[in-house]
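Colleague: Please take a close look at one part of this model for me. I would like to know how one helix begins, what surrounds it, and what lies beyond it.

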Amino acid sequence: MKAYLFDLDGVLIDSEGLYTRFWADTEREFPTGIPDFAKKIKGTNLKSIMNYFSEEDRPKILAKIYDFDSHLTYEPFDGAEELLRRLKALGIKTALVTSSNTEKMEQFHKVLPQFRSYFDVIIDGSMVTKGKPDPEGYLLAAEALGEEPGNCIVVEDSLQGVMSGRAAGAEVWGLTTTLTAETLAPHAHRLFGNIAEILPLIG
């Protein structure tokens, strides 16, 4: 494969548990009536998530998430940086494809500035009109890298994400850091427990 396209939360950084608690607490304060709301929206961009709430409540919820993101400390998974450095050393193209908004990405780059240099292309939620599971983000990344989607490996942890990568025509590697293997298996070509398990396959 000529390129690797990575999701962010739950793949490279250990933040999904924090977001699960945030959205579970938010849904209790602003009920949607949707069972397991925090799990249902995993991998979904903020614009899509807001559609579950009333127009009256959206400004308050947006203020909460912006405040949450602005104070979040990002912890890379073990092996994440080593994998990205190894791919870069081998001259293999990489892209970051995340549903995160601009404010969150600014905080991410502030906390972990070295990550920007690991990627040839970064696609965030502000650059797409359709969020995951639509393939738009991964198609944009492949195009920006000058590669056909079929020459790319997508690394994802959410159901929305693996479906997005599959719909783009890429090979999809699912990480069971967030959801069970049984949930991801129908849509992923391969499954790994975490990002570090991919290291032995590179170089």
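Modeller: Start at the N-terminal end of α6, which Asn101 caps. A side-chain oxygen of Asn101 lies 3.4 Å from the backbone nitrogen of Glu103. Keep in mind that this is a predicted model.

Now follow the helix itself. α6 covers residues 102–111. Its buried residues are Lys104, Met105, Gln107, Phe108 and His109. Those buried residues pack against two helices, α1 (16–29) and α4 (58–70). They also pack against two strands, β2 (93–97) and β3 (121–123).

Go back to the start of the helix. Asn101, Thr102 and Glu103 all help to line the largest pocket. That pocket has a volume of about 170 Å³. Its lining also includes Asn45, Leu46, Lys47, Tyr66 and Ser99. Gly125, Ser126, Val128 and Thr129 complete the list. Which elements give two or more residues to this lining? They are α3 (46–50) and α6. By residue type, the lining divides into three nonpolar, seven polar and two charged.

Next, look at α1, one of the partners of the buried α6 residues. Thr26 sits in this helix. Is Thr26 buried or exposed? Its relative accessibility is 1%, so Thr26 counts as buried. The cut-off for buried is under 20%. Leaving aside residues up to four places away in sequence, Thr26 touches Phe53, Ile61 and Lys64. Glu81 is another matter. Thr26 and Glu81 are 55 residues apart in sequence, and their C-alpha atoms are 32 Å apart in space.

Move on to the loop between α1 and α2 (37–40), where you will find Asp36. Asp36 is not a glycine, yet it has a positive phi of about 50°. Asp36 is exposed, because its relative accessible area is 59% and exposed means over 50%. Set the two residues side by side: Thr26 is buried, whereas Asp36 is exposed.

One more loop deserves a look. It runs between β3 and α7 (136–145), and Pro133 is found there. What is the peptide bond from Lys132 to Pro133 like, cis or trans? It is cis, with omega near 15°. You have met β3 already, as one of the elements that the buried residues of α6 pack against.

How values were computed:
Residues are numbered from 1 along each chain as its sequence is written. This is a predicted model: local features need pLDDT of at least 70, side-chain atom pairs count only at pLDDT 80 or more; totals for chains, interfaces and linings use all residues. Side-chain values use heavy atoms; hydrogens and water are left out. On a 1 Å grid over the protein atoms alone, a cavity is a set of points where a 1.4 Å probe fits but cannot get out, and a pocket is an open set with protein on both sides within 12 Å along at least five of seven lines; lining residues have an atom within 4 Å of a point. Grid points are joined across faces, edges and corners, and a volume is the space filled by probe spheres set on the points. Helices (H or I, at least four residues) and strands (E, at least two) are DSSP runs, numbered from the N terminus. Ala, Val, Leu, Ile, Met, Phe, Trp, Tyr, Cys and Pro count as nonpolar, Asp, Glu, Lys and Arg as charged, and the others, Gly among them, as polar. Buried means under 20% relative accessible area, exposed over 50%, partly exposed in between (1.4 Å probe, protein chains only). Contact means heavy atoms within 4.5 Å. A polar contact is a pair of N or O atoms within 3.5 Å; within protein, one must be able to donate a hydrogen and the other to accept it, and residues adjacent in sequence count only if both atoms are side-chain atoms.
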